[in-house]
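Hi,

Here is the structure I promised to pass on. My notes on it are underneath.

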Amino acid sequence: MFWDKRFETMDRQELRRHQLEHLNITLKEAAKSPRYGQLLKERGVSELKSLDEIQRLPFTGKQDLRDHFPYGFLSVPLDKVVRMHSSSGTTGNPTVVFHTKGDLDNWAGLVARNMYMSGLRPGDVFQNIMGYGLFTGGLGFHYGSEKLGAMTIPAGAGNSKRQLWFMRQFKTTAAHILPSYALKLSTYLAEEGLDPRKDLHLKYFYIGAEPHTEAMRQEIERIYGVKAFNSYGLSEMCGPGVAFECLEQNGMHLWEDHYLMEIIDPKTGELLPDGQEGELVLTSLRREAMPLLRYRTRDLTSILAGDCPCGRTHRRIARFKGRSDDMLIINGVNIFPMQIEATILAMPEVGNHYVIEVLKENFLDRIHLKIEVREAAFSGTLPALESLKERIAAALNTELGVHVKVHLVEPGTLPTAEGKAVRVFDKRNQQ
Ligand code: AMP
Ligand code: ZN
C-alpha cells in the first residue's frame, strides 16, 4: 500500500523535526548560490531555531529567477549538474531549473511514491501522454514509473491515432494525460466507434499540469472507466510529484518531507491559518542544484482539515482554483475561469471545450463565452438551442454575479492546444 512507509506515515512531530533539519541544510546550500548568498547575508540568517522562524527568509518569485537568469540561483558547481528543465511559460518567459544526479533520483522516487499510491505496480503498462523535453511532465513521470518498475511507453503528447494504437497493442493500464487532452482523445475514440470502457484496458489516469474542476475529473472517469488522480507540481520544485491524490481522492497530499508549505495572503504576503484559501508558497527541503526558499507559486488553494483515512500524515491541499494571475476582474468583480468551467460542465448538453474571451464594450468589460454543444444535443440548427443559451447565461449570472454573453458552437470547432489548454483570451489591452 505504501511505497515509502516510513516517510509517508511519519509522525507529525518527527516530520517537523525532519523539516527543520533539512531546512537548515537547504539554507546552508542555498547560501552558495550568488543570489541567495547575497540575500541571506543581508538578512543575517544562516540557521533557524524553529520552523516558525521561516518568515525571516525572503520570498522568491518567478521574476527573481528571470532577473538572475541563468545561473544566479545555482548552488553547486556546474560539474555537479546533469540536467536542466524549464517552466512551460504559463505566464511570460520560461524560467530554468537545474538538477544534480541526487535531485533526479529524489524526484523519480517522489513520482514513484505517487503512482504506487494510486495502485500502479510492476506488470502495469504506463503510457506517458505528455510532452518530452524541457517540460517536466514528460520526463518526470517517465523516470518515476521506471523506478516503480512499470513498463513505460514514452508516447509523448498529441497524435490521437498513435496513442490509441499503443493503448490497444500493449493493453495500456495507466496514463499520464492533460485533462484537456483526455477529453480531446475521447472525441477521437468516439469517432472511431470505440467505447474506452469496453475496448481498452485503462485503470488509472494521472491528470494535472493544468487547472480543472471536479466536474471535469468525473467526466473523464465516466468516459474512460478509470480512476483519475489529480497530480500537482511545478518546474521550480522539480515538476510533477509535489502533491498527489491518494485513493480517497479527497485533496492532494503535499509531500512535506520534501517541501515546506505555507499559505499566504497574495496581497499582503501574510501567513494565513489552515483552512483559509490563499497562495501556496513552497520551500524545497531536499534539492541540491537549485534549492528555492519560500517560492511564491501563484497557485491558489487551502489546507484541508483532518486526518486522511489512508494513514498518510502529510497534509492535504484542495483542488486548485487557478493561479492568482488567472483571476479576471470584470467591472470590479473577481472571477476565476474555473468557476465558469464548474458551472457549465454541470449541464448535460454542454460539450467539453470552451473559450473565454474578454473584451471592452462601451467602456465596460464583457465576457464572451464560446461553448461547444454535445453532439447529442446538437440538432443541426443552432437557433433551436436558444433556451439552452439562456439557461447557461442565467446559471453563470447566479454563480459569478456578472452577465456573460454565451455563444454555442458546433462540436469540434474550437481550437485545442497540443500542450496545456489555453482557454482565456483577455483582449482588453489590445483594443
Ligand atoms: P510548469 O512549471 O510549467 O510545469 O507549470 C506549473 C504550473 O502548472 C503550476 O504552478 C500550476 O499553475 C499548474 N498546475 C500544475 N498541476 C496542476 C494541477 N493539478 N491543478 C492545477 N494547476 C496545476
Ligand atoms: Zn490520503
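Which residue forms a salt bridge with Arg 374? The partner is Glu 219, with the closest N and O atoms 2.9 Å apart (a salt bridge being a side-chain nitrogen of Lys or Arg within 4 Å of a carboxyl oxygen of Asp or Glu).

Before the rest, some housekeeping. This is a predicted model, where local features need pLDDT of at least 70 and side-chain atom pairs count only at pLDDT 80 or more, while totals for chains, interfaces and linings use all residues. Residues are numbered from 1 along each chain as written, chains are lettered from A and ligands numbered from 1 in the order written, and side-chain values use heavy atoms, without hydrogens and water.

Now the domains. An automatic or database assignment splits the chain into domain 1 (1–323) and domain 2 (327–430). Their contact (heavy atoms within 4.5 Å) takes 23 residues from domain 1 and 15 residues from domain 2. The count between the two domains is one salt bridge.

Then there's the zinc ion (ligand 2). Its protein donors (N, O and S atoms within 2.8 Å of the metal; water is not among the atoms, so sites may look incomplete) are Cys 246 (SG), His 253 (NE2), Cys 308 (SG) and Cys 310 (SG), at 2.1 to 2.3 Å. The site is tetrahedral, with angles of 103 to 118 degrees among the four donor atoms (four donors qualify if all angles lie between 85 and 135 degrees). Along the chain, the donors follow the spacing C-x6-H-x54-C-x1-C.

Cheers

Key. Donors are N, O and S atoms within 2.8 Å of the metal (3.2 Å for Na, K and Ca); water is not among the atoms, so sites may look incomplete. Four donors count as tetrahedral if all angles lie between 85 and 135 degrees; four count as square planar and six as octahedral if opposite donors are over 155 degrees apart and all others between 65 and 115; anything else is irregular.
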